[in-house]
Every structure is written in structure tokens, then in C-alpha cells.
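Here are some short questions and answers for a first look at a predicted model. Keep the structure in view as you read.

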Amino acid sequence: GKFLKIEDGNHNYAVAIINNLTAQKSEKDGDIAWTFVIEASPVGALINNDDTLEFKRGTQVLPVPTEIAHTFGAEDLSIIFSDDSSFGFKVGSLSGNPSVPFCINGDRFFGKHIGIVGSTGSGKSCAVSSLIQNAVGIANAKNSNRENKKNSHVIIFDIHSEYSSAFTVDDEEKFNLNKLDVDNIRLP
């Protein structure tokens, strides 16, 4: 699951994700030698653009087998996963490196059907709450959009009342939560 960047000789790098690592031991004249084989799948390339690396999806760089391979550092991970003009919605942080934010294209994400599955108690409701809190600007019981007058309209059908506490903040935070329950809903 770790990433590799493989030089192409032109200041660009192929990016691959490691699928498997095997070691083979051989012995010759009493000396033991190890050979390591990395199986990896290409996922994109780091393209040098005026001494700045940009990540491009797909295989645009094809290194030869003798080129040097490097493991990714936090700076390299930030190039792929941090926000830019298209990928500005922060979902969380990378599990392998919590200092690197994981950002996605929010318009694409919320414009499609999403399924979150797991067994009872695995954190599905927490994951949904966190995603929607990020979308509407709620963090640590504070409204980050309080002065910006940004409007996010989200409807949650919460039949077990699991989500209202995630979106209940102090009145001075100017967050409007319209909670409809059996006491105040009126249907024609």
C-alpha cells in the first residue's frame, strides 16, 4: 500500500503503489545473498513543471528497469492528496501519515450515490457525520462559515436520532439546524 516514485531520466517520476514484496535467499560459496522483488501497479506520474512536481493520473512516464526507485515522503504524498483547485474538500488525513490531508473533489463526491457499509458499531454514522460536518463547516462545535454566510443544504432522514448531536452547536455560532421530529412535523 505504500507509494513509490521511479525516475525516468527526465526529472519526472512514475508513481506506483506497492502490491507485494518478496525476498529470495540464495547461497553461493558460503555467502548468503538476498534479492528483493517489488510488485507494484502504476497509478500516475509526477511531472516536472518549472521545477514543481504535479501529479497526473494515468501512466505518462515509462521508466526503464535500471532507474532508481524512491519511497514517498510526506512532501510527495501532499502533491497527490492535498487540496488544489479541483480537489479542495478535505475528507480527513492519510492513515499512513496523519500529517497529510486527504482531499477530494467535493462536487463529484456529493453529486453521486455514496454507500457506507460496515457491521454494527463500526463507525458508519460517525463517518457520515464527519463528512457532512466538513461540508457545512462544523468542527469542534464551531461554525467556520459563521461570518461568511455560506449556505449548505443537507437533508438527513434520521429515524434513530443519531445525527442531531453532531450538528447541535451554540446559538452564537449562527448555524441553522431545522430538526423535524414527531413533535413538530406536520404533513398534509
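Q: In which strand does Leu21 lie?
A: This predicted model can be read strand by strand. Residues 13–28 form the strand that holds Leu21. That is strand 2.

Q: Is Leu21 buried or exposed?
A: The relative accessibility of Leu21 is 54%. The cut-off for this class is over 50%. Leu21 therefore counts as exposed.

Q: Which strand gives the largest share of the nonpolar patch?
A: Leu21, Ile32, Trp34, Phe36 and Ile38 make a nonpolar surface patch of about 570 Å². Four residues of the patch come from one strand, residues 31–49. The largest share belongs to strand 3.

Q: How many aromatic pairs does a search of the whole structure find, and is the pair of Phe3 and Phe72 stacked, edge-to-face or tilted?
A: The search finds four aromatic pairs. In the pair of Phe3 and Phe72, the ring centres are 5.5 Å apart and the planes stand at 35 degrees. That angle is neither under 30 nor over 60, so the pair is tilted.

Q: How many residues apart are Phe3 and Phe72?
A: Phe3 is in strand 1 (residues 3–7). Phe72 is in the loop between strand 5 (69–71) and helix 1 (74–81). The pair links distant parts of the chain, 69 residues apart.

Q: Is Phe72 buried or exposed?
A: Its relative accessible area is 13%. The limit is under 20%, so Phe72 is buried.

Definitions and conventions
Residues numbered from 1 in each chain as written. Predicted model: local features only at pLDDT ≥ 70, side-chain atom pairs only at ≥ 80, totals over all residues. Heavy atoms only, no water. Patch = residues over 30% accessible without salt bridge, like charges linked within 9 Å, V, L, I, M, F, W, Y side chains within 5 Å. Areas by Shrake-Rupley, 256 points an atom, 1.4 Å probe, with all protein chains shown as cover. Salt bridge = Lys/Arg side-chain N within 4 Å of Asp/Glu carboxyl O. Helix = DSSP H or I, 4+ residues; strand = E, 2+ residues; numbered from the N terminus. Buried < 20%, exposed > 50% of the residue type's maximum accessible area, 1.4 Å probe, protein only. Phe/Tyr/Trp six-rings, centres within 6.5 Å; stacked < 30°, edge-to-face > 60°.
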